[in-house]
Amino acid sequence: MNCIIIDDEKMARSILKTLCNEIKLLTVIGEYSNAIEAIKFLNDNKVDLIFLDIHMPDFNGFDFVETLKYKTKVVLITSDDQLAIKAFKYLNIVDYLLKPLSLDSLEKSIEKIKMLDVDSNTGSKTLEKKKNHVSDYIFVNINHRLIRLTINEINIIKSDKNYILITTDTETHKVNISLKKIQQRLPLKSFFRVHKSYIVNLNKIVDIEDRTIVIQKNVVPIGNKYWMNLKNRLNLI
Amino acid sequence: MEKPNLIYINQLARGDNSIKNELINIIKTEFPEEKKYYFESLQQNNFKKIAENVHRLKHKISILGLSNSYKIAKEFEHNLREQSLERKQDFEKILIAITHYIETL
């Protein structure tokens, strides 16, 4: 996979090049400190992937993405954690990594791109789906990496001091946010606070017995003050 | 106050001294330039430019393992975008600490 790096900071470019050298699949074929040079190169050369900084003097990474004639895949590399939602409105922005970069975050990103390639090669309209279902996701900051979680795959959210534990069918993510804040970002029709320390996805409840909820193999207590509200919300016959 | 360190750079270099030295040399060159641009933009009272320069310096702060200082820089950058200089002094203390540290490398 041929890639180029666009970042006004030499340090950022060098770090990324160092990390790219650790990944066999990647070959860095150019590095640019400004957009104009990069556009000139892209007019004459085909690249598979662009690593792009968002904030650079005199131009913005999003403007650059809009100027691309061919929808080359772009991974944004930035210190700004506030632009993820905007980023994923662009079909060809496939990932969003926060500085300082780690080998682990870059490797995961490349794995994700490989998966997208497999999907598109098998005729799947992954990118179209992504466009149509953007509101079905939330982004959470885990170890300097913004991870996209599919909302309907979330089963349980439990508070854990200053963190929350988000459990899906396959894994648990530890995120530095309060239970109250995450609840504000989830659809009310599916997610319900059943205890001072727990929110559950109502669609995932298997059964309720003795004021406890079973979701997969997990048991969640129902707090006294939440019990009546929960009964009202459920389709009780 | 926390001290700058090379933990992140050592992790990146994975024992390769040529990579480590290259990255240290870039910091030694790039940091003073960015610091100079920061103070120039400050003199011009150009909040947009100051914020851009703080944004770039912020990355160096994180590379040198200064996680609390990074938060201060982030706050300062945010304040600058709101046309406020709040946290300027704290931010400049970080620049002094890094300047002294770089002299030892």
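Here are four short exercises on the structure above, each with a worked solution.

This is a predicted model, in which local features need pLDDT of at least 70 and side-chain atom pairs count only at pLDDT 80 or more, while totals for chains, interfaces and linings use all residues. Residues are numbered from 1 along each chain as its sequence is written, and chains are lettered from A and ligands numbered from 1 in the order in which they are written.

**Exercise 1. Describe the make-up of chain B.**

Step 1: take the elements, which are DSSP runs numbered from the N terminus (helices H or I, at least four residues; strands E, at least two). Chain B has five helices and zero strands, so the order from the N terminus reads α-α-α-α-α.

Step 2: look at burial. A residue is buried if 20 or more other C-beta atoms, placed from the backbone, lie within 10 Å of its own. Of the 105 residues in chain B, 32% are buried.

**Exercise 2. Work out how α4(B) and α5(B) pack.**

Step 1: two packed helices are described by the angle between their axes and the distance between the axes. Axes are lines fitted to C-alpha atoms over the stretch in contact, with angles from 0 to 180 degrees between N-to-C directions. For helix α4 (residues 67-81) and helix α5 (residues 88-104) of chain B, the angle is about 135 degrees and the axes are 9 Å apart.

Step 2: classify the angle. Under 35 degrees is roughly parallel, over 145 roughly antiparallel, 65 to 115 roughly perpendicular and the rest oblique; α4(B) and α5(B) are therefore oblique to each other.

Step 3: find the residues in contact (C-beta atoms, placed from the backbone, within 7 Å). Ser69(B), Ile72(B), Ala73(B) and Phe76(B) of α4(B) meet Lys88(B), Asp90(B), Phe91(B) and Ile94(B) of α5(B).

**Exercise 3. Describe where chains A and B touch.**

Step 1: count the residues on each side. Chain A brings twelve and chain B brings 16.

Step 2: find the main contributor on chain A. Helix α1 (residues 10-21) of chain A gives the most to this side, with six residues.

**Exercise 4. Trace a small sheet in chain A.**

Step 1: read the strand order. Three strands form an open antiparallel sheet, β15-β16-β17 (chain A); strands pair if DSSP finds at least two bridges between them.

Step 2: identify the edges. These are β15 (207-209) and β17 (218-221) of chain A, each pairing on one side only.

Step 3: follow one pairing. Strand β16 (residues 212-215) of chain A and β17(A) share four bridges, and Val214(A) has Val219(A) as its bridge partner in β17(A).

Conventions:
Buried ≥ 20, exposed ≤ 12 C-beta atoms within 10 Å, placed from the backbone. Contact = placed C-beta atoms within 7 Å.
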